[in-house]
Amino acid sequence: MEDRDNKKSKLYKEWFWGSQYDLKALCVHFEQMAAKGLMFKGVKGLTYCYERCEPKKVRFCVDCFDKATGFDTNAEPETLEYIEYCEKAGWHYICTNGRLQYFYTEESSAVPIRTDSGASFKSVVRNTLRTNAVAWFVLPAIYLFTISMWLFRDNYYSFVQMATDGIWHSIFFAYIFYIIIALTGVARFLIFYFRNKKIAREGGEVRYYSVKSTKLYGGFIKAMWVIAFLGLTSGIMYSAVSVRAVFIGVG
C-alpha cells in the first residue's frame, strides 16, 4: 500500500490545451515544467501526465507524423521506424498521441527532428484539418440545421416543445456555445495558416502560438464549457425535466 501511495505522490496531472498548431507552445511548456521538477511522461485524453523529479534542463520536441493514424496510441510499424530514426539522432521517445509524437533530449547538440519548415507546415495544416473535421465542420453543421428547424418550422418546433416539456431550451443553449467554440477554433487555425503560408513557402521558421496565447485559448475553451454547463443546469431547473433526459438529448 505504501508503494502505491508513493507512486501516486510522484505523479502530477494537468489540462493544457495543445493542438497540431501549438507545437512550439507544448515544447516550451514541457521545458518549463521540467525546470520546476515535473518531467512530462504521457498523454491521457486532454490530460498531460508528469513525474516528479529533480529540476532539470531538457529540450522537448513534439512532431506531427503524417503516416501515423489518428488513433495511433500504440505506435504502428511505420511510426516505430520514424521513432527509431529520431532516437538515433539523440532524441528519446516519450509517447504517441494520434499523429503527435513526443520526444526529449538532454543533449544541447542534438539536431532538430524537422529541418524543412515547408514540409512541417504542410503536415501540421493537413493533420489539423483531419483531426478537427468532425468537431469543426460536421457537428456545427448538424447543430445549425437543427436550430434552423426549431426557428423556422413552427409546427415542428411547437410539436417538440410540447412533447418534451421545454427540454430543447437547454439543448439549444448547449448547441449555441458548442458552435461558438468550433468557430473560435477555426478562426485561430486560419490566423495561424495565413500568418505562416508565405513564410513556410520561402523556407522561413514557422511561427507557432506562444505558451501565453495557448493558455489563454485553453482558458476560453474551459470558460465556454462552464457557461454551457450552467445553461444546461438552468434549463433543467426551468423545464423540470430529468438530468438524464437533457444529456441524452444533447448527446
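Lining the second largest pocket are 23 residues, and Lys24, Pro112, Arg114, Glu205 and Tyr208 are the ones nearest its centre. A pocket here is, on a 1 Å grid over the protein atoms alone, an open set of points where a 1.4 Å probe fits, with protein on both sides within 12 Å along at least five of seven lines; lining residues have an atom within 4 Å of a point. The model is predicted: local features need a pLDDT of at least 70 and side-chain atom pairs count only at pLDDT 80 or more, while totals for chains, interfaces and linings use all residues. Residues are numbered from 1 along each chain as its sequence is written, and side-chain values use heavy atoms, with hydrogens and water left out.

The volume of the second largest pocket is about 620 Å³, a volume being the space filled by probe spheres set on the grid points, which are joined across faces, edges and corners. H2, strand E4 (59–64) and H4 each contribute at least two lining residues to this pocket; helices (H or I, at least four residues) and strands (E, at least two) are DSSP runs numbered from the N terminus. Its lining comprises 11 nonpolar, 5 polar and 7 charged residues. In this classification Ala, Val, Leu, Ile, Met, Phe, Trp, Tyr, Cys and Pro are nonpolar, Asp, Glu, Lys and Arg are charged, and the others, Gly among them, are polar.

The largest pocket has a volume of about 880 Å³. It is lined by 29 residues, with Trp17, Gly18, Leu46, Thr131 and Asn132 closest to its centre. At least two lining residues come from each of strand E6 (100–105), helix H4 (117–152), helix H6 (167–201) and helix H7 (211–239), and H4 gives the largest share, 5 residues. By class, 16 residues of this lining are nonpolar, 11 polar and 2 charged.

No disulfide (a pair of cysteine sulfur atoms within 2.5 Å) was found: the search of the whole structure gave 0. The sulfur of Cys61 is the nearest cysteine sulfur to that of Cys27, at 5.5 Å. Cys27 is buried, at 10% relative accessibility, and Cys61 is buried at 13%; buried means under 20% relative accessible area, with a 1.4 Å probe and protein chains only.

The protein chain has an average pLDDT (the predictor's confidence in each residue, from 0 to 100) of 82, and 80% of the residues score at least 70. Mean confidence is highest in helix H2 (residues 23–35), at 95, and lowest in helix H1 (residues 2–9), at 46. Residues 1–6 have a pLDDT below 50, and this stretch makes 0 contacts beyond near neighbours in sequence, a contact being heavy atoms within 4.5 Å. Where pLDDT is low, predicted coordinates should not be read in detail.

Methods. Buried means under 20% relative accessible area, exposed over 50%, partly exposed in between (1.4 Å probe, protein chains only).
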